[in-house]
Amino acid sequence: MNGSHVRGPGRGLGRRALAGLAALAASVSLVAATQGGALAAPGSPGSIAGHLGTPKAPVTVFSEDFENGQGATPILVTAYTGAAPAKETYTADPAWLASCNGWIASQRNPATPPPAAGCGGWWTSVMQLAGTLGRWAGADPAANHAVTAYTNSDPGPNKTQLETSTPIAIGARDRFLAFSVDVAETNCHGNHAKLGFYLLDGARAVPTFTTPIEPCAQATTTLDGIRVGTFTSNSPVLFDGSTVGLRLVNFQGSGYGNDAAFDNVRVLDVTPQLGIGFGSTPAEVGTEAAMKFTITNTSELAVKSGWSFTENLPAGLTVGGTAATTDCAGATVTAPAGGGRITMTGTLPAGREFCTATVPVTSKHAGTYTTCPDDLTSYAGVNPPSCADVRFVAPVLVFDAHAHGGRVTAPLVSVAPLAPSDLTCTQTAGKDGKTLLSATLSTLGSVGVITTSAAGTVDPDGLRMARASAETARVNLLGGLVTADTVTAVARAQDDDTGMVSTGGEVRLANLRVNGVTITDPGANLVINIPLVGKITINERVPIAGGRGVVVNAVHVHTTAGTDIVISHARAALTLPGQPCPTV
């Protein structure tokens with residue numbers, strides 16, 4: 001620092017304070033250093049109600065504290081070997097290594113500078129920079145080592161102060177990487193150091209900043225009259241390799257000022273966390289549930305540009321018809337209705353803790369559908385999510401079940417339904433049953449014991465069934481024209497996992513005789529015409545409720561005189577809420 005050193009580090013403190021206040025809005029982030037090992041992991045997978053949207057600290061994938069094997073003798077950074085397992089070594093521009101730059105120093109060094117160091121009378125100030133960095137990091141100031149610069153001549157701009165010799169394994173590809181470094185600078189009345197970190201992908205150098213680190217202007221803390229802080233690069237890189245090199249460049253070429261030391265260099269994994277959750281479930285089949293993607297930043301809240309992922313939905317789950325929405329910057333969500341794949345790209349702007357995208361999904365079948373990390377067929381710049389479930393259920397249909405043993409409607413006489421059982425127009429499962437020992441049907445006949453039941457049930461999967469049955473014994477109609485030991489009618493309505501309703505029924509006959517003819521195992525709607533008497537229908541089936549129900553009559557007599565007799569009647573239906581209940 002030509003000429004400036006004679007004024008000493010105590011001069012110009014007022015100017016440094018003003019510069020610090022003016023730089024509070026600088027774009028390079030300042031964060032407090034965390035010591036004692038790797039930083040906490042970023043947001044780990046979880047449910048939508050858990051950590052999502054709460055940034056976690058970056059993960060340190062490489063760190064260098066310049067302490068390995070160091071004692072009281074200072075060495076140039078190019079002679080240093082880092083700790084195992086990396087055992088990293090470093091290079092620097094020869095022009096920068098001259099004139100009191102590039103020494104790994106501490107306050108335990110001898111009071112005289114190394115031979116030919118070019119420090120003039122400022123070696124104690126060099127050691128003080130290393131001590132201040134130790135104090136800042138919570139270490140022993142006397143024992144702390146740091147890479148120092150007390151620039152005693154013009155090195156020229158854009159000089160490399162530190163570059164790894166061997167690529168560093170970072171464990172995975174397609175990660176957002178950033179740098180963190182502790183920097184202390186003195187003589188801020190002179191020209192300021194301006195530091196920039198680069199990721200090295202082979203020979204390609206990728207900047208991780210938009211504005212260089214300028215400790216004199218951007219640090220918010222002064223210790224021992226020295227500006228000090230921890231700086232994180234403000235433009236993380238989506239790095240597609242699994243190994244990375246690093247380079248620290250000083251854009252300041254002047255020897256007037258430019259007196260800064262650095263320590264605790266870290267490569268940080270600042271990859272956002274992808275989370276998947278679903279809105280309120282269960283949802284009815286055929287309706288839509290909200291599938292919500294949350295992209296959560298890491299705690300330094302730097303911009304993350306260009307992350308992407310492709311989610312394959314599990315079989316049976318498809319994209320709904322409502323348009324997807326997102327509040328992520330520059331985002332594109334590709335989710336064709338009816339398809340099974342969702343692709344998204346976007347940006348987390350600087351300062352944003354998280355952003356979201358919501359895609360409607362639907363299913364034709366009831367069931368629980370699970371998405372897991374393996375369903376991401378490709379992703380870059382995000383940590384995969386944990387598993388998440390969405391459940392679709394069949395519609396909650398309305399039960400209708402009714403049964404009776406017999407009924408007569410005639411011009412001069414009528415007999416109300418015998419032993420009626422009813423479960424009518426309700427969404428609540430239940431059961432009703434009746435028994436009657438015997439009954440006469442006016443002058444038209446008689447019956448013996450009648451047993452009826454009507455029920456609505458829900459199985460463990462939420463599927464519904466309405467069922468009715470009627471058994472009538474000792475049937476004797478029209479003076480013996482129709483007789484039977486027993487006749488039984490059963491009607492059923494059952495929904496499936498799509499919400500569709502199927503109906504069915506059966507008639508069981510024991511010794512049924514019509515006009516002297518024994519009837520066994522008749523097909524549906526068997527009609528027997530008897531001249532001058534009328535017609536008799538056996539195993540009568542009548543669809544009702546738009547196909548969602550059925551009426552089953554074991555024996556139905558229509559006489560030419562207008563008399564209508566039903567023996568063993570069962571009705572069952574499952575209707576949609578709000579629709580009229582059957583009355584047949």
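This report walks through some strands, cores and contacts of a predicted model.

## An enclosed strand

A good place to start is strand β9, which spans residues 175–186. Of its 12 residues, 12 are buried, so β9 is largely enclosed by the rest of the structure. In a regular strand, side chains alternate between the two faces of the sheet. You can follow the two directions here: Arg 175, Leu 177, Phe 179, Val 181, Val 183 and Glu 185 point one way from β9, while Phe 176, Ala 178, Ser 180, Asp 182, Ala 184 and Thr 186 point the other way.

Strand β9 also has several pairing partners. With β16 it pairs in the antiparallel sense over 9 bridges, and there Leu 177 stands opposite Asp 269. With strand β13 (residues 226–232) the pairing is antiparallel too, over 6 bridges; Glu 185 has Arg 227 as its bridge partner in β13. Strand β14 (residues 237–239) is joined to β9 by 3 bridges, again running antiparallel, and Arg 175 has Phe 239 as its bridge partner in β14.

## A buried proline

Next, look at the loop between β16 (259–269) and β17 (273–278), where you will find Pro 272. Pro 272 has a relative accessible area of 0%, so it counts as buried. Leaving aside residues up to four places away in sequence, Pro 272 touches several others, including Phe 176, Ile 295, Lys 304, Leu 348 and Val 382. Phe 176 belongs to the β9 residues described above.

For a sense of distance, compare Pro 272 with Val 449: they are 177 residues apart in sequence and 74 Å apart in space, C-alpha to C-alpha.

## A four-stranded sheet

An open sheet of 4 strands has the order β23-β24-β20-β27, with antiparallel pairing. Its edge strands are β23 (329–334) and β27 (376–380), each pairing on one side only. On average, neighbouring strands of this sheet are turned by 5° against each other, direction ignored.

Inside the sheet, β20 (residues 304–312) and β24 (residues 341–348) pair over 8 bridges in the antiparallel sense. Phe 309 has Met 344 as its bridge partner in β24.

## Two nonpolar cores

In soluble globular proteins, nonpolar side chains tend to be buried together. The largest nonpolar core in this model has 46 residues, and Leu 441, Val 514, Val 555 and Ile 567 have the most contacts inside it. Strand β37 (residues 482–495) gives the most to this core, with 6 residues. Apart from it lies another core, of 35 residues, among them Ala 92, Trp 96, Leu 97 and Val 183.

Ile 567 itself touches residues including Gly 405, Leu 441, Val 487 and Val 555, not counting residues up to four places away in sequence.

Notes:
Residues are numbered from 1 along each chain as its sequence is written. This is a predicted model: local features need pLDDT of at least 70, side-chain atom pairs count only at pLDDT 80 or more; totals for chains, interfaces and linings use all residues. Side-chain values use heavy atoms; hydrogens and water are left out. Buried means under 20% relative accessible area, exposed over 50%, partly exposed in between (1.4 Å probe, protein chains only). Contact means heavy atoms within 4.5 Å. A nonpolar core is a set of buried Ala, Val, Leu, Ile, Met, Phe, Trp, Tyr and Cys residues joined through side-chain atoms within 4.5 Å. Two strands pair if DSSP finds at least two bridges between them. Axes are lines fitted to C-alpha atoms, for helices over the stretch in contact, and angles run from 0 to 180 degrees between N-to-C directions.
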